[in-house]
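Me: I have a model open and would like to practise reading its features. Can we take them one at a time?

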Amino acid sequence: MSEQQSPQVSLKKQPKQARSAELIESILEAATQVLAAEGARRFTTARVAERAGVSVGSLYQYFPNKAAILFQLQRREWQQTSRMLQQVLMDGSRSPLERLRNLVHAFIRSECEEAEMRIALDDAAPFFREAPEAREARDSEDRFMVPFMQEALPNAAEATRVMAMDLITTTLSAGGKQFSQQPRTEDEIRAYADAMADMFCAYLNEISA
């Protein structure tokens, strides 16, 4: 039995003119609206083209299928998260534990503010998650977490740092997803983020002793 091929999720071609870039942007903006309104299962290239006011043929010049559109939406969300991670974790004016606390607060708040779209993207993940591009994009956060963990745990063994990084990122992601599944007040967001940050900081203090 042949292995199932990964979907093609890269753009067919990169835009070389402002007009082409604007077309891609309008398609992705329309795709965001269709995904929010229809959900992943009713998401189609035809609906996206109609919402964007372009022909399906124009859409297919750049996007080979609906999986490619959904992946581009997810990649934007991942890139936004990576920029947030970089900004917080690379702030040399604060101690590692202060940065970790700020990261937890920023991440939990972001999860709650964008919960509707992130839930929709989670539902859409089966369409593109096996593609190599998706795995590479998911792993991009490690670029910032690895040097941060080296700074936070300078005397720890490499295996300890890797375990700590995995525990923090996995717990943060799963906890943020679960917590944001219902509307939260400002006080609830702050209390939850404080509790999670306290837990992470106590853990790092314990293993660095």
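Reply: We go from the overall fold to the surface, the charges and the cysteines. Note that this is a predicted model.

Me: How many helices and strands does the protein have?

Reply: The protein has ten helices and zero strands. Read along the sequence, the pattern is accordingly α-α-α-α-α-α-α-α-α-α. The C-alpha trace spans about 60 × 40 × 40 Å along its principal axes.

Me: What share of the contacts with a separation of 6 or more comes from residues 24 or more positions apart?

Reply: Such residues account for 73% of those contacts in the protein.

Me: And how do I read burial and surface?

Reply: Of the 209 residues, 39% count as buried. The protein exposes about 11900 Å², with 48% of that area supplied by carbon and sulfur atoms.

Me: How far apart are the mean positions of the positive and negative charges?

Reply: They lie 7 Å apart, taken over 25 positive and 30 negative charges.

Me: How many disulfides does the structure hold?

Reply: A disulfide is a covalent bond between the sulfur atoms of two cysteines. This structure holds zero disulfides.

Me: Why does Cys 112 form no such bond?

Reply: The closest cysteine sulfur to that of Cys 112 belongs to Cys 201 and is 19 Å away, which is too far for a bond. The cut-off is 2.5 Å between the sulfur atoms. From the side of Cys 201, the closest cysteine sulfur is in Cys 112, again too far at 19 Å.

Me: Is Cys 201 buried or exposed?

Reply: Cys 201 counts as buried because its relative accessibility is 9%, and the cut-off for buried is under 20%.

Definitions and conventions:
Residues numbered from 1 in each chain as written. Predicted model: local features only at pLDDT ≥ 70, side-chain atom pairs only at ≥ 80, totals over all residues. Heavy atoms only, no water. Helix = DSSP H or I, 4+ residues; strand = E, 2+ residues; numbered from the N terminus. Buried < 20%, exposed > 50% of the residue type's maximum accessible area, 1.4 Å probe, protein only. Contact = heavy atoms within 4.5 Å. Areas by Shrake-Rupley, 256 points an atom, 1.4 Å probe, with all protein chains shown as cover. Lys, Arg positive; Asp, Glu negative; His and termini not counted. Charge placed at Lys NZ, Arg CZ, Asp CG, Glu CD.
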